Amino acid sequence: MTDPLKNGAISDPQLASQPGPPKSAEFQFERPDWTLFRSADTLAQKAGVRKQLLRRLVLKELADNALDSGARTVTATMAAPGQYVVQDDGKGIEGGPEAVARLFSVNRPLVSSKLWRLPSRGAMGNGLRVVVGAVAASDGSLVVTTRGRRLTLVPQADGSTAIERVEPVEAFKGTTVEITFGPALPVDPHTLEWAQFAITMAGGGEAYTGKPSPWWYDADAFWDLLQGAGDRLLREFIERLDGCTGAKAGRITKAFKGAPCRSLTRDQARELLTVARYEARPVSPARLGHVGRMNSSAISYAIQRGQATIGGREPKAEIPFVIEAWATAERRDEGGDEIDVNMSVNRTPAVANIEAWRSKGELVLSGCGLHHRCNRISPGRYSISVNLTTPWCPVTTDGKEPDLSPFVLEIIAAIEQAARRARGAMPRQPSAVAAGTTHKDIILRNLDAAVAKASGDGQYRFNQRQLFYVLRPIVIGVTGKEPSWENFCKIVTDYEAENEDIPGMYRDPRGTLYHPHLGQDISLGTLAVEQYERPAWTFGQILYLEKEGFFEALKAARWPERHDCALVTSKGFTTRAVRDLLDLLGEGEEPIRVFCVHDADAFGTMIFQTLLHETKARGARRVEVINLGLDPWEALGMGLSPENVEASDRSKAVADYVQARQDGPRWTNWLQTQRVELNEMTTPQLIAWLDGKMQAYGVGKVIPPTAVITVEAERQLAEQVEQRITARVLREAKIDEQVADALAAINLPGPMALAGAVSGWVSSNSDKAWTGGVAEIAADLAEAVEP
């Protein structure tokens, strides 16, 4: 008989005092991490969901993998009870049968592309291990068809996956995965729900097409990335980062020439990251793309963008993100309060739940790092879906539960906006309609549908006047009266102040931005500002001019270049584009000050106040705004002549800084009937006046940090040397003679044949210019020349 004491089944109190190893050391066990994927209970732990949701998660992981592989079409269907098929038209799985079996093994090393931070699905590379674990844990089956082979795969006890059968099939584009679940996994009537939701989300809007940015990593994560890259050469690695290709990669890696990635120390990795950030501009949240409106006017939509600072050691990661929310609503009297919030990250459902309930009149969100309140949602029944698009979201468990706390303010704002819009879109009570309908009521009630029509259901951008003409016949049809353009603009401005900018709508350019040293004039519209990138270390201040007429005089005198000062005007008042530009500049790392110059009249003082303080459409400025004048007391002190202006029935608005003066009442009254224009000054007077202002505020030339100067010196030196060496090589190789000889040996088609070929090319490429056809013909002929 086996001694039970040796097996630890029974303990003898008399032996407790005997010397020996501690009990905690006696019964320690070890097991590899992958073994947790083989049982339904421990698989739920690794997957991060309840056992009842494992089937749903497996189908979602298969759909995510298919979508991230570049497939254009993905389907997820049920072939029979417990049997499901996920099919895509991607490029298929690389490698032979053994490579496919290895990919579908739970004991394989965690090799994943997820260290590359991109706004794509998944976060840890565990997806296929969950899939295979579900098959193993439930005695299910797995068949993978790809690249002309149908593989029947069987998970093994040692964590590997064996190939039971290989059958040749007619080659088709993509991959098909057939999976059958056994009884150990509870039946889920909504098994396909998450997969089909991810497929639906993938088909909308625009997606990010760039590379990972060095701004998306903190020092520790970047060092981990280098370690994961192994023995790859550092320059090859750096060239795969956004904004770090070509000569930039050489400058970034100059200090580590020929070094493999894993050879860098933590401090060296931090130094490399700092230099890479200098060379590469940050990626704006707008570049990440968006899902956009759902194809239904019954679903209300809101979008918020932002940037979060996340990480441990400096420099921390600067993470752009986009929050989108979709909502439908019903009145509370149609079924009581009921709030359902579903969360997705990068267009695929998050595995963790967000609980939502109403407490003391506020909506409370809890879960995934949230425990926050939304206080601007009226009572009712709401169904709300939220998607976070970001290259990096912290996770708190192996099951990829996201930590949404860095994005909480924008999440709440998007939910509140979508919910309010959904509430406003509900049909009004008959009594309310009978009481009368204003133009504002009609415009806001039909706004979402009008935006969808003007944009082709989110496919195209549109301007504010196009939106007006979509809504105009609706207003006339209800009220019989012509809507006012000015009133429409006010309604839209008020709406955007309470909610958000209308997605896809832009304002026409009004005004100009001039870059010193570059000689660039940029028309200022909201569309241009969205695409704007500040030239690095070119100007340190902006002069906002009420009048554009001074631009040419200042440019001719090289005034912007002398003071490293950009010029901005919006022809008389601060437009949305100007305010957006200042917000954008305020988010950058380079310091910026804005100097405001205006006429000495009531309207001019309010131009400064609009820039400085809150406006209806924007919050407070995130840059320093300084008033240079012209103010009436200064104008009269300079001997400039005032002119009379007609008094209005109501008092003209005058800025707070005027009224706050000790003699404020005097100047407030003066501004009601008098003014002094900047044009009272001659050009020499104006320039001397502005020079004095710049000196008074200590404006100096832009001198960047030492590290920036060093990198720029290295770049320019390399460029100059490259030009000289290239010129010498070309001379020695007698390039001109070689080109002439090669051209003499090529027969260019005759004029008629050439024109016919170009016409044929243009008919097949209607969106391109004829020169593209000529280029293609020339490229074909040039292939005869030996490279």
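**Helix packing and strand pairing in a predicted model**

Q: Why are α15 and α16 oblique to each other?
A: α15 and α16 are oblique because their crossing angle falls in none of the other classes (under 35 degrees roughly parallel, over 145 roughly antiparallel, 65 to 115 roughly perpendicular). The model is predicted, with local features needing pLDDT of at least 70 and side-chain atom pairs pLDDT 80 or more, while totals for chains, interfaces and linings use all residues. Residues are numbered from 1 along each chain as its sequence is written, and side-chain values use heavy atoms, without hydrogens and water. The axes of α15 (residues 447-455) and α16 (residues 464-479) come within 9 Å, and they cross at roughly 120°.

Q: How many nonpolar residues are in the contact of α15 with α16?
A: α15 contributes Leu-447, Ala-450, Val-451, Lys-453 and Ala-454, and α16 contributes Leu-467, Val-470 and Leu-471 (heavy atoms within 4.5 Å). By class, this contact has one charged residue and no polar ones, and the number of nonpolar residues is seven.

Q: In which sense do β11 and β16 pair?
A: Within this pair, Asn-342 stands opposite Ser-385 of β16. Strands pair when DSSP finds at least two bridges between them. β11 (residues 338-345) and β16 (residues 381-389) share eight bridges, and their sense is parallel.

Q: Which residue in the turn of the β11 and β12 hairpin has a positive phi?
A: β11 pairs with β12 (residues 348-349) in the antiparallel sense over two bridges, and Val-345 has Thr-348 as its bridge partner. Two residues lie between the strands of this hairpin, and the one with a positive phi, about 50°, is Asn-346.

How values were computed: Axes are lines fitted to C-alpha atoms, for helices over the stretch in contact, and angles run from 0 to 180 degrees between N-to-C directions. Helices (H or I, at least four residues) and strands (E, at least two) are DSSP runs, numbered from the N terminus. Contact means heavy atoms within 4.5 Å. Ala, Val, Leu, Ile, Met, Phe, Trp, Tyr, Cys and Pro count as nonpolar, Asp, Glu, Lys and Arg as charged, and the others, Gly among them, as polar.
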